[in-house]
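This report goes through one protein model, from a single helix to the whole chain and then to selected residues. The sequence and the coordinates come first.

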Amino acid sequence: MERYNFKIIEEKWQEYWIKKKTFATKIDKNKKKFYCLEMFPYPSGKIHMGHVRNYTIGDVLARYKSLEGYNVLHPMGWDSFGMPAENAARQNKLSPKDWTESNILNMKMQLKRLGLSIDWDREISTCSPDYYKHQQEFFLELYDKGLVYRKEQYVNWDPIDQTVLANEQVIDGKGWRSGAVVERRKLNQWFFNITKFSGELLQGLEGLDQWPNKVKVMQRNWIGKSFGCEVEFKIENSKNIGSISCFTTRPDTLFGMSFLAVSVDHPLSKFYENDEKFKEFKKQCSTTGTTEESIANAEKIGFKTDLIAINPLDNNLKVPVYFANFVLMEYGLGAVFGCPAHDQRDLDFALKYKLKVTTVVSPELDKKNFKVNNKAYTGPGYICNSSFLNGLKCPDDSIIKTIEYLEKEKLGTKKINFRLKDWGVSRQRYWGCPIPIMYDDSGKAHKVPKDMLPVELPNIDRLEPTGNPLDKEVEWKTINFKGKKYLRETDTLDTFVDSSWYFLRFCSPLKKDYGFDFKEAKYWMPVDQYIGGVEHAILHLLYSRFFMQAISYKNNNIDLKEPFKGLFTQGMVCHETYKDLKNNWISPDEIIIKDGKKVLKKDNSIEVKVGSIESMSKSKKNTIDPEKIIDSYGADSVRLFILSDSPPEKDVQWSEEGIISSFKFLQKLWSLHLKILDEIKKKHKKDSGKNLLKFTHKFIKKITVNLNNFSYNVIVANLHEMYSFLSKETENQYTKETLEENYKKILITILPIIPHFSSECLNLLGTNVKVKWPKYDGSIVEEDFVNIVIQINGKKKRPYYNQEKYRRK
RNA sequence: GGGGCGAUGGCGGAAUUGGUAGACGCGUUGGUCUUAGGAACCAAUAUUUUCGGAUGUGAAGGUUCGAGUCCUUUUCGCCCUACCA
């Protein structure tokens, strides 16, 4: 029997789609639009299985929506600025541009081989001046709106990558890429005023009902809104310090205050700069590691000052002021009042320094003498030992009433505090978007005039091993403008800026005078379904939301606030790991399985230890090259398998058995197809029943429902059911018309999953390629019989299935 | 410490709304064909059984005619986040 030749068939359809521009899109006001977007890749050289999964999920949706009659925008581009290009350039002594461009060519070819329904006419690349020109315009637009500023600030400095990192890029005190322990340095930096929209970004999450809850929770926590007030504490001292302000969410516990603690970075520290003991203390604080463990176990330590703070609610209550290692300058005002009875940190501190512990919250109203020992009480209750606050219900009433009182007496102000910090976007790197700023003799910053954009990167063929490459480009750096000499800004923008608006660029990728066309964006935006990894839950997804806010801020042409209506985060692709006896990682290519059990190394037949299943990574050598897999099994098999084993939002395990089984299944579908073609030729006179019709409609319903729920793994199961049903049922006699009509509908419903195969089969049935998603008839789907199960005492006793007397009326 | 998610055969996982638990795949076992099979096809595959059944969705309770699904408590696992005032 003729085998299914995926090589010929897949290539044929891929060429056809490109030649006919099947996926090219234009505005069509008569059609509902659907913008389907997957996170665009960094052009590292080759696609990996993560890409395959991401883009297959997106492609299934795009193809389905298109068959349903939507005008689908499904573009692709390249997040092509970034460190790897610079590193590769240094290693291989070539230019980042050449390296990046050749990677793009290769990966584009690889993506095409997956049979993705992408409108390649809209391809963009962030490292192209055509793209980053508009980014520079946006930078200046935001500058004019007061959303960009420059200031000297302590920054996260990555000593390996030799660049500044955003807070979001520091994980466990280490650089997210290099893994180096991040240092603190004071530098002049450009910032985006993301905190201006803290409230909006938080509020906006409420409306995103098609986002995973997980991501919304993460963003909510990152923005970190807390409600409380600022309280001013008068200071008794010899140093002419008037007062210290603290932010607190628990002003109602003020009567339980027994010390006041400030950060070693607090402005107050300048009074102690010459104090040797303080210096030593400060050093001790900085040596407390940044690892999770060291923070969790770090002892609370303090440095007692000669200052005395006065409780604003009762001037007779006076407490000592400490510098303390657990108070951070980065949060709130860098100063806290300590209430040991109701905060564990404060209690630890108080016990160590033998400070008073006054209980001011009691779990029950009449429970007198409630005492805190070595565990702070943080639960609800009633205020006690607090003069006029006594008896207030805590925390609800007590906090509000106390703030009201403090405001009335002008002792404090109600305040909402956010944890979110402004976004530092300066990077001391070459391969990024130049910041369109120039400095005059006095160092004052000026905008580069719009008609001088883009500020293009100079070509550097060979990068120096360290330092900021642009800083050394004297010729490029120096410019004359209206007879005056200026020096260019030599920092480039964080590459997260590039990806913060690319979804807008896709709406009108060729537009010359602005980053996007308002009319096009109004039609296409927001992205209806965005698909990508959860690792971007806060970084990219928050920045993009900010950018949308920033662009529509003070702009009458666009009022969209949220760029992504729906978000789907897919799981990772995993694989077994292997190690030799010396604990070196071994790649799946290097092993062979003997007798179905023993795992041996191919070249020397030495036994290999099979390790846990881990997400594919180069370091563990458990990656599988998609290109090789496509060579051996074809794109449809790969698509089928990557969708089959697990729900798309969960991790999936790649296995040789799995891909082989998908490949075999496709072969079986092909022989079924040939069998059906035979049956059609037989020209039976009469239908043998309604089974086929009923199955087809049920099948369409199932697939439709499962597509809408992203239950793609179940769809693959449905395909198997379809195979086993049709291989039996087609042995019954059906007329040419019935068989063709139903089979065609089935083929259309499987087109999003295995597009090459399905297109080929439809074509062999003489079907025009322009097909529509079939509708199912609810009355046909309904079962003819009612299953009745007899229960006695709630236990299933006798089921009566499909009996004529229970026919549905 | 705070938060989120989850727990169903040997494994990955099915099961709109409470209504025949274990679809589908992998693996395993048996068979057919074959020089051979790691190919193809057929069959079996939750546990237990005196072959009538009985028991089964991490554990314990509850609601219900009926619970994998709803409620309460609890155990375990994964992920995120962290001295956040």
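How far apart are the end C-alpha atoms of helix α19 (residues 656-681), and what span should its 26 residues have at 1.5 Å a residue? The model is a predicted one. At that rise the helix should span 38 Å, and its end C-alpha atoms are 38 Å apart, so the expected and modelled values agree. Lys 683, which follows α19, has a positive phi, near 50°.

**Chain A as a whole**

Chain A contains 24 helices and 37 strands. The C-alpha trace extends over about 110 × 90 × 65 Å along its principal axes. Of the 809 residues in the chain, 53% are buried. Among contacts with a separation of 6 or more, 72% are between residues 24 or more positions apart. The exposed area of chain A is about 39,300 Å², and carbon and sulfur atoms supply 49% of that area. The chain carries 126 positive and 106 negative charges, and the mean positions of these two sets are 4 Å apart.

**Nonpolar cores**

The largest nonpolar core has 87 residues. Tyr 35, Phe 192, Trp 423, Tyr 502, Phe 503, Met 525 and Phe 546 are the residues with the most contacts inside this core. Helix α16 (residues 539-552) gives the largest share of the core, nine residues. Another core, of 84 residues, lies apart from it; Tyr 4, Leu 114, Ile 703 and Leu 739 are among its members.

Tyr 502 can be followed further. Leaving aside neighbours within four places in sequence, Tyr 502 is in contact with Leu 37, Glu 38, Met 39, Phe 40, Ile 124, Tyr 131, Tyr 530 and His 540.

**Met 107**

Is Met 107 buried or exposed? Its relative accessible area is 0%; the cut-off for buried is under 20%, so Met 107 counts as buried. Met 107 is found in helix α4 (residues 96-113). Outside the four places on either side in sequence, the contacts of Met 107 are Pro 41, Tyr 42, Pro 43, Ser 44, Gly 45, Lys 46, Ile 47, His 51 and Trp 78. Pro 41 is 66 residues away from Met 107 along the chain, and the two C-alpha atoms are separated by 9.3 Å.

**Backbone details**

Two cis peptide bonds are listed here with their omega values.

| Peptide bond | Omega |
|---|---|
| Cys 394 to Pro 395 | near 5° |
| Met 525 to Pro 526 | about -5° |

Pro 395 sits in the loop between β18 (393-394) and α11 (396-408). Pro 526 belongs to the loop between α15 (518-524) and β28 (529-533). Met 525, which is joined to Pro 526 by the cis bond, is also one of the residues with the most contacts inside the largest nonpolar core.

Positive phi values also occur in loops. Lys 482 is not a glycine, yet its phi is positive, about 50°. This lysine lies in the loop between β25 (478-481) and β26 (484-488). With a relative accessible area of 75%, Lys 482 is exposed. Asn 583, likewise a residue other than glycine, has a positive phi near 65°. The loop between β30 (573-579) and β31 (585-586) holds Asn 583. Its relative accessible area is 44%, which means that Asn 583 is partly exposed.

Key: Residues numbered from 1 in each chain as written. Chains lettered and ligands numbered in written order. Predicted model: local features only at pLDDT ≥ 70, side-chain atom pairs only at ≥ 80, totals over all residues. Heavy atoms only, no water. Helix = DSSP H or I, 4+ residues; strand = E, 2+ residues; numbered from the N terminus. Expected span 1.5 Å × (residues − 1). Buried < 20%, exposed > 50% of the residue type's maximum accessible area, 1.4 Å probe, protein only. Contact = heavy atoms within 4.5 Å. Areas by Shrake-Rupley, 256 points an atom, 1.4 Å probe, with all protein chains shown as cover. Lys, Arg positive; Asp, Glu negative; His and termini not counted. Charge placed at Lys NZ, Arg CZ, Asp CG, Glu CD. Core = buried A, V, L, I, M, F, W, Y, C linked by side-chain atoms within 4.5 Å.
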